[in-house]
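This briefing covers one protein chain, from its overall make-up down to a few residues. Please look at the sequence and the model before reading on.

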Amino acid sequence: ALNCRFYFPFVDRPKLLAVSLPTADIISTVEFNHTGELLATGDKGGRVVIFQREPESKNAPHSQGEYDVYSTFQSHEPEFDYLKSLEIEEKINKIKWLPQQNAAHSLLSTNDKTIKLWKITERDKRPEGYNLKDEEGKLKDLSTVTSLQVPVLKPMDLMVEVSPRRVFANGHTYHINSISVNSDCETYMSADDLRINLWHLAVTDRSFNIVDIKPANMEDLTEVITASEFHPHHCNLFVYSSSKGSLRLCDMRAAALCDKHSKLFEEPEDPSNRSFFSEIISSVSDVKFSHSGRYMLTRDYLTVKVWDLNMEARPLETYQVHDYLRSKLCSLYENDCIFDKFECAWNGSDSVIMTGAYNNFFRMFDRNTKRDVTLEASRESSKPRAVLKPRRVCVGGKRRRDDISVDSLDFTKKILHTAWHPTENIIAIAATNNLYIFQDKVNSDMH
């Protein structure tokens, strides 16, 4: 059962929807569709929950619609690989929406090994008045049919139907970490630790290997693929990130196997900051093209970086997410938090970027003003109609009243998955097993 609670916090009087899921059902991915009217979440139990934005109320034409549960379905089940004696988790690693072609919606969901294409349709009418079938759908005795009638469509309660259309299996030896739909709307790619495959949406029994970094001898392995994404406008370009902190831009026009990149984006390491943890914290956990296609956004453990496709030597902008943790890396290594994979997101105009942190904090950086803010997605601190105040982490010295000490941070509460509405200032925040949706509250006096 989904329990919905409504709050009204945030910086500029927005609304917050908190959806509480059972404790074991930790949200593992969040994704808006291309219009922002639908929002899908996947969890560790293999379920996909889709939220739909309600239309604006006639009584309050300036208020924006809330997101309510639209459909829930089981996407993946736990499996067992008998050849390798390995259990395959049902956890949903990624969800990607396909551009809408007709009245139906389509999305891809993947666990560690299998990608599935789902079709979501609505039905609000049912046919009645068949000549050869009765009301229960059974064939009538033809001798009883004495006249012909025209079947009619009668209204019925809205029914949302989710059906599996394709299953793309056996394409990966290692765990799938990302999927990305191409701008040609016909193909998509999936990436695991060592390989990237290109699929056609209509073909399930074969894929084309476009990147393979597996060495002949696995002892020579020095890095793995951590994320990948297609360019939003050029169907031949894609980027993938590595555990060494580098980005490789590849052009599929150059060769069928894109082992040789077109561009390598890598920041030289500062020798003065070299430590035992340097390689771990430099691993890129997420990469996103900007909507314009000119920039790339990457997230490593301590920073988010904006890269210009025309400048490979260093990032255009670097933002510190939680630099106060630099002195805590040893304990973070011991409790495995240093291996957490945080995601990042652009706003619709590519002017603001967002990423998560610990203690249910998330960070926003304005690229134009260079201002940043730390906010908390927490039901305890969110009272009805209250303003969600910026938070501040104190490292030492004098503390303000609302400051929180770096030693008091809860590392079990982490915001790994975030998403931003494609055109509006609406964000979705997955805080462990809670989903928060923040949206600007538009009043009649605000234009």
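Which residues make a nonpolar surface patch of about 350 Å²? In this predicted model, the patch is made by Leu132, Leu139 and Leu142. One of these residues, Leu139, is described further below, along with Phe80 and the chain as a whole.

**Chain as a whole**
- The protein chain has two helices and 33 strands.
- Of its 447 residues, 48% are buried.
- Among contacts with a separation of 6 or more, 53% join residues that are 24 or more positions apart.
- The exposed area of the protein chain is about 23000 Å², and 50% of that area comes from carbon and sulfur atoms.

**The leucine patch**
- Leu139 sits in the loop that runs between strand S11 (115-128) and strand S12 (152-168).
- Leu139 counts as exposed because its relative accessibility is 69%, and the cut-off for exposed is over 50%.
- Leu139 shares the nonpolar surface patch with Leu132 and Leu142.

**Phe80 and its surroundings**
- Phe80 belongs to strand S7, which spans residues 79-81.
- The relative accessible area of Phe80 is 40%, so Phe80 is classed as partly exposed; that class lies between the limits of under 20% for buried and over 50% for exposed.
- Apart from neighbours within four places in sequence, Phe80 is in contact with Ser85, Leu86 and Glu87.

Technical notes
Residues numbered from 1 in each chain as written. Predicted model: local features only at pLDDT ≥ 70, side-chain atom pairs only at ≥ 80, totals over all residues. Heavy atoms only, no water. Helix = DSSP H or I, 4+ residues; strand = E, 2+ residues; numbered from the N terminus. Buried < 20%, exposed > 50% of the residue type's maximum accessible area, 1.4 Å probe, protein only. Contact = heavy atoms within 4.5 Å. Areas by Shrake-Rupley, 256 points an atom, 1.4 Å probe, with all protein chains shown as cover. Patch = residues over 30% accessible without salt bridge, like charges linked within 9 Å, V, L, I, M, F, W, Y side chains within 5 Å. Salt bridge = Lys/Arg side-chain N within 4 Å of Asp/Glu carboxyl O.
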